[in-house]
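Trainee: I'd like a close look at one part of this model, the way its strands pair up. Please take me through it in one go, with whatever links up along the way.

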Amino acid sequence: KKDAGKSPALGIGDPKMRGLALSPRTGFGRVPAWRFILVAAVAAAVALAAFSAPSPAQEKKPQTPSQPPAQVGVDVVITEPLRQTVPVIGRFVARQTGVVAARVSGPVGEIRVEVGDRVKAGDVIAVLVNDMLKWQHELQKAEVQQYAAAVKTRKATAKLRRQELRRIEKLIKSAAFSKARLDDKRQEVAVADSQAAEAQGKLNSARANLKMTGINLYNAAVRAPYSGVISKRHIEVGAYVNLGDPLVTLVDDAHLEIEADVPANRTPALLAGTRLKAYINGTQEIAARVRAVVPEENPQTRTRTVRFVPELPLGISGLANNQSVTLQLPAGNDGTVVTVHKDAILSRKGKTLVFLVQGSKAVMRPVRLGEAVGIRFIVNSGLAPGDKVVVRGNERLLPGQAIRIREPSKPAKAGG
């Protein structure tokens with residue numbers, strides 16, 4: 001009776017239990033339950049193995065065999081004489097060039113030259129209308145004649161007064177002598193001499209004006225001050241020019257110099273009279289001699305102007321003002337320098353380095369270099385003559401890496 005309200009226990013072989021196993025909710029009818037238990041056990045084992053396995057960072061790297069010595073080529077740091085030259089671009093400049101200006105004012109009546117014409121010193125380039133100048137010159141001639149006559153008159157008057165004075169002085173012991181008349185006559189002589197001197201001054205002024213008008217008349221014909229070539233015309237016929245206005249530009253291409261803006265640190269080697277090589281159009285060699293170093297430095301470019309006198313051989317013609325020329329300037333005073341082969345130089349992280357051979361290893365060494373000398377660089381610090389540096393295979397070297405010298409290279413000099 002106590003168990004009357006309870007459900008009876010169901011066994012595996014009970015028909016109701018079999019109905020539960022075949023229920024669509026559980027799905028046990030498709031897959032047996034023991035398989036789910038087996039899958040869960042396998043998954044738990046895999047997870048445990050994963051957590052217990054060591055991480056890649058904890059694993060030890062496999063031991064690799066040591067690297068063999070790197071095969072390299074070396075070169076010796078040497079001391080050699082320095083006779084290096086550096087190219088500097090200069091230009092031909094005419095010693096005489098500029099505008100030919102009008103020396104008098106007036107309208108232009110005639111122009112006798114064209115651009116490109118070659119003229120000689122004294123040749124007439126242009127002529128101004130000179131009618132006014134001619135008549136001014138004639139007027140001054142007349143004034144000169146007038147003042148010359150006045151001078152003669154004043155001198156004659158002065159001579160007359162002195163004659164009268166001498167007559168009166170002879171009557172001093174005579175009863176007809178008058179002291180007052182003698183004094184008056186002496187004063188008249190002084191006045192006559194003064195008037196003669198005044199007339200002479202006016203005559204000299206008139207003669208000077210006559211010369212000035214003659215000069216103006218002469219300058220109405222504008223002449224070439226030196227031989228050269230007309231490079232530009234600034235006026236035309238009919239234009240009015242004032243005193244100093246430009247008429248033409250004249251270039252003396254027969255007397256040329258070379259001018260170059262040389263870096264200030266190069267000028268100490270350019271003493272007056274120093275001869276060096278220069279090249280016209282990059283191929284034709286000539287000699288040039290230092291004439292002067294202008295003692296003024298450009299604050300922006302840090303260069304100084306140097307003038308050279310070219311020694312042109314016979315047959316060279318057609319040179320032009322401002323034509324370029326390449327000068328081979330000495331890099332400095334002759335001496336000896338320490339140099340290293342350019343292939344030994346490496347640049348890493350903004351530093352200039354070389355690999356120095358020490359025993360059987362390559363040691364990295366920072367260096368400070370100067371200018372290039374052929375295929376080598378001047379060493380300012382970091383290396384000494386006789387040091388061996390790596391020039392082949394240094395790109396892949398590591399500091400302190402073992403090396404094996406492939407074959408010793410002969411030191412290359414600057415001239416090579």
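Mentor: Start at lysine 277, which sits across from glutamine 328 of E16. That pair belongs to the antiparallel match between strand E13 (residues 275-280) and strand E16 (residues 324-330), joined by four bridges. Before we go on: the model is predicted, so to speak of a local feature takes pLDDT of at least 70 and a side-chain atom pair takes 80 or more, while totals for chains, interfaces and linings use all residues. Numbering runs from 1 along each chain as its sequence is written, and side-chain values use heavy atoms, with hydrogens and water left out. Strands here are DSSP runs of E with at least two residues, helices are runs of H or I with at least four, and both are numbered from the N terminus; two strands pair if DSSP finds at least two bridges between them.

Back to E13 and E16: they are part of a closed barrel of six strands, ordered E3-E12-E15-E14-E13-E16, with antiparallel pairing. On average, neighbours in this sheet are turned by 40° against each other, direction ignored (axes are lines fitted to C-alpha atoms, and angles between N-to-C directions run from 0 to 180 degrees).

Now compare that with the open sheet, where four strands follow the order E4-E11-E9-E6, again antiparallel. E4 and strand E6 (118-119) each have a single partner strand and stand at the edges, so one side of each has no neighbour in the sheet. Further in, strand E9 (residues 228-233) and strand E11 (residues 246-251) run antiparallel and share four bridges. Arginine 233 faces valine 248 of E11 there.

Edge strand E4 also takes you to the largest pocket: E4 (97-101), helix H4 (179-219) and strand E8 (221-223) each supply at least two residues of its lining. A pocket here is an open set of points on a 1 Å grid over the protein atoms alone, where a 1.4 Å probe fits and protein lies on both sides within 12 Å along at least five of seven lines; lining residues have an atom within 4 Å of a point. E8 gives the most to this lining, with three residues. Among the lining residues are Val100, Ala101, Tyr218, Asn219, Ala221, Val222 and Arg223.

Last stop, the hairpins further along the chain. Strand E18 (residues 346-348) pairs antiparallel with strand E19 (residues 351-358) through three bridges, and leucine 346 stands opposite leucine 353 of E19. Two residues lie between these strands, and lysine 349 in this hairpin takes a positive phi near 55°. E19 then pairs antiparallel with strand E20 (residues 361-366), this time over six bridges. Look at leucine 353 again: its bridge partner in E20 is proline 366. E19 and E20 also make a hairpin with two residues between them, and glycine 359 in that turn has a positive phi of about 70°. So follow leucine 353 when you trace this stretch: leucine 346 stands opposite on the E18 side, and proline 366 is the partner in E20.
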